[in-house]
Amino acid sequence: MRTRAPRTVVGVSTQALASASGTFALGGDLIVNRLGFGAMRLTGKGVWGPPADRDEAVKVLRRAVELGVNFIDTADSYGPYISEEIIREALHPYTGLVIATKAGLLRTGPDVWIPLGNPSYLRQECEMSLRRLGVETIDLFQLHRVDRNFPLADQIGELVALRNEGKIRHIGLSEVDVDQLNAARQIAPIASVQNMYNLSARAAEPLLDAATSQGVGFIPWFPLAAGPLAAPDGPLQKIAAAHHATPAQLALAWLLKRSPVMLPIPGTSRVAHLEENVAAAEITLSDEEFETLAAVAGAT
């Protein structure tokens, strides 16, 4: 049993630490290290406009790849468009990487997110993402939100058409329930679902169980515990101290143990924070430790 993780990995340039998180075959054929990177924070305040330090954002992405991260998750709405543009600047031609993006949320200002599942809009955004990322095929294209103003069959059907045209490889969903996942799977194979989930926010537990049983990748957004649980005098901090780890590292380790289909994508705009997150891949919790953390989180 390995219970010690370094706070950071400063000075490491080639060690693929992310590989310690294990691998998952996304869509059955894209092998990724389970600890990925979410690129939402490579933008301005309110996920709007450019980041305060674009050079640092580029460094974060390149450092993530150095550390073995090979799954990068973004969306057209991050910026909007800014995140995809920075990813291309930093990482193109993406050798050995899986780049996932999303469409289905319209942005009209900082912190404003409006579902828009018009099939024509989804096609337009896919075409634009292809151009911004500089690829002919998007590895994983996710419906960012199900728009209740359009039939689910029409929204998924447009993604199927794009897949049949070779413009996307696999289809994913974001913020869905079990019924929606099952309905979508009647229309097309679904490679992944992405819902809010972390140690202290587990409303998506039924969806995670369904994804696990079906071999569908589960991408938890906002994967790090927040609030009282991670406070300096909180229970997660006390347990983490015994492991020479941070609360965030322990929360990521818990997620990785929760399910073999779990693909956490902690995001950051700073290299130091990135290194701390990736170091969590080296923590292995025992079954008892896992259950203790789950119980402590559930009691707060």
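## Worked exercises: sheet edges, loops and salt bridges

In strand 11, Trp221 is the bridge partner of Met196. Residues are numbered from 1 along each chain as its sequence is written. You're looking at a predicted model, where local features need pLDDT of at least 70 and side-chain atom pairs count only at pLDDT 80 or more, while totals for chains, interfaces and linings use all residues; side-chain values use heavy atoms, with hydrogens and water left out.

**Exercise 1. Start from Met196 and work out which strands stand at the edges of the open sheet.**

Step 1. Find Met196 in strand 10. Helices (H or I, at least four residues) and strands (E, at least two) are DSSP runs, numbered from the N terminus.

Step 2. Strand 10 covers residues 192-196, and 5 bridges join it to strand 11 in a parallel run. Two strands pair if DSSP finds at least two bridges between them.

Step 3. Now zoom out: the open sheet has 7 strands in the order 3-4-5-8-9-10-11, with parallel pairing. Strand 3 (37-38) and strand 11 (217-221) each have a single partner strand, so these two are the edges, and one side of each is left without a neighbour in the sheet.

Step 4. Back to Met196, which is partly exposed at 32% relative accessible area. The cut-offs are: buried under 20%, exposed over 50%, partly exposed in between (1.4 Å probe, protein chains only). Together with Trp221 and Phe222, Met196 makes a nonpolar surface patch of about 250 Å². Patches take residues with over 30% relative accessible area and no salt bridge, joining like charges within 9 Å and nonpolar side chains (Val, Leu, Ile, Met, Phe, Trp, Tyr) within 5 Å. Accessible areas come from the Shrake-Rupley method with a 1.4 Å probe; for residues, only the protein chains shown count as cover.

**Exercise 2. Decide whether the residues of strand 5 are buried or exposed, and see which way they point.**

Step 1. In strand 5 (98-103), 6 of 6 residues are buried.

Step 2. In a regular strand the side chains alternate between the two faces of the sheet. Here Val98, Ala100 and Lys102 point one way, Ile99, Thr101 and Ala103 the other, and all are buried.

Step 3. For a neighbour, try strand 4 (residues 71-73), which runs parallel to strand 5 and is joined to it by 3 bridges. Phe71 stands opposite Val98.

**Exercise 3. Check the length of helix 3 and find what covers its buried residues.**

Step 1. Helix 3 (residues 119-133) has 15 residues. The expected span is 1.5 Å times one less than the number of residues. That gives 21 Å, and the end C-alpha atoms are 21 Å apart, which agrees.

Step 2. Among its buried residues are Tyr121, Leu122, Glu125 and Arg132. Their cover includes helix 2 (82-91), strand 8 (138-143) and helix 4 (152-164), going by contact (heavy atoms within 4.5 Å).

**Exercise 4. Hunt down the unusual backbone angles in the loops.**

Step 1. Most residues other than glycine have a negative phi, and most peptide bonds are trans.

Step 2. The Gly79 to Pro80 bond is cis, with omega near -10°; Pro80 is in the loop between strand 4 and helix 2. The His92 to Pro93 bond is cis too, with omega near 20°, and Pro93 is in the loop between helix 2 and strand 5.

Step 3. Val47 has a positive phi near 55° and counts as buried at 12% relative accessibility. Asp111 has a positive phi of about 60°, but counts as exposed at 55%.

**Exercise 5. Which residues does Arg123 join by salt bridges?**

Step 1. A salt bridge is a side-chain nitrogen of Lys or Arg within 4 Å of a carboxyl oxygen of Asp or Glu. The whole structure has 13 of them.

Step 2. Arg123 pairs with Glu158, with the closest N and O atoms 2.6 Å apart. That links helix 3 to helix 4 across 35 residues.

Step 3. Arg123 also pairs with Glu165, at 2.8 Å. Glu165 is in the loop between helix 4 and strand 9, 42 residues from Arg123.

Step 4. Compare accessibility: Arg123 is partly exposed at 23%, Glu158 is buried at 17%, and Glu165 is partly exposed at 42%.

Step 5. For another pair, look at Lys257 and Asp287 (3.0 Å, N to O), which link helix 8 (residues 247-258) to helix 10 (residues 287-299). Lys257 is partly exposed at 32%. Asp287 is exposed at 56%. Finally, salt bridges that share partners join Arg123, Glu127, Glu158, Glu165 and Lys167 into one network.
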